[in-house]
Amino acid sequence: MNEVAASPVPEVTAEKADALPIDVATIDATCARAFGLQRATAPGLPDLTRALRGHLELLIPPDLAGQTPLTQAAARDATRLLKLPDNAGTARTRARALAQVCLILLEPHRPPAAPSDEETHG
């Protein structure tokens, strides 16, 4: 009997995906891995690039009108990078570029910094 097992990951609609919190720590870790690449032939580079593309698709704001100029520029750059065909010769550079715009677009999703002791004790 050839039964196909159901995927353990539930399908998420676009509306539900928009309501999910952005996992800042995971995206930071993915970007750090991209910046740490030493060679264009690094193992796992295609998976890393795929993860960065997924992060960017979540982070690119649907409406750029109310965004800061830096966010608007990063979103435009990310959109251009996502449209480029994969090229093995520029894979490491592309991963780093994806990570860079990913970090810029991630910034508004970071929790506010806790006040330092100096600020709270005068």
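Contact here means heavy atoms within 4.5 Å, and helices (H or I, at least four residues) are DSSP runs numbered from the N terminus. With that in hand, let's look at helix 5. What covers its buried residues includes helix 2, helix 3 and helix 4 (69-83).

This is a predicted model, in which local features need pLDDT of at least 70, side-chain atom pairs count only at pLDDT 80 or more, and totals for chains, interfaces and linings use all residues. Residues are numbered from 1 along each chain as its sequence is written, and side-chain values use heavy atoms, with hydrogens and water left out.

The buried residues of helix 5 (under 20% relative accessible area, 1.4 Å probe, protein chains only) include Ala 95, Leu 98, Ala 99 and Cys 102.

Now for the partner helix 2. The axes of helix 2 and helix 5, lines fitted to C-alpha atoms over the stretch in contact, with angles from 0 to 180 degrees between N-to-C directions, come within 8 Å and cross at roughly 150°. That makes the two helices roughly antiparallel, a label for angles over 145 degrees. The residues that make the contact are listed here.

| Helix | Contact residues |
|---|---|
| Helix 2 (residues 24-35) | Val 24, Ile 27, Asp 28, Cys 31, Ala 34, Phe 35 |
| Helix 5 (residues 91-106) | Ala 95, Arg 96, Ala 99, Gln 100, Cys 102, Leu 103, Leu 106 |

Helix 3 (residues 45-59) holds Thr 49. At 10% relative accessibility, Thr 49 counts as buried. Not counting residues up to four places away in sequence, Thr 49 touches Ala 95 and Leu 98, and both of these are among the buried residues of helix 5.

Key
Buried means under 20% relative accessible area, exposed over 50%, partly exposed in between (1.4 Å probe, protein chains only). Angles under 35 degrees count as roughly parallel, over 145 as roughly antiparallel, 65 to 115 as roughly perpendicular and the rest as oblique.
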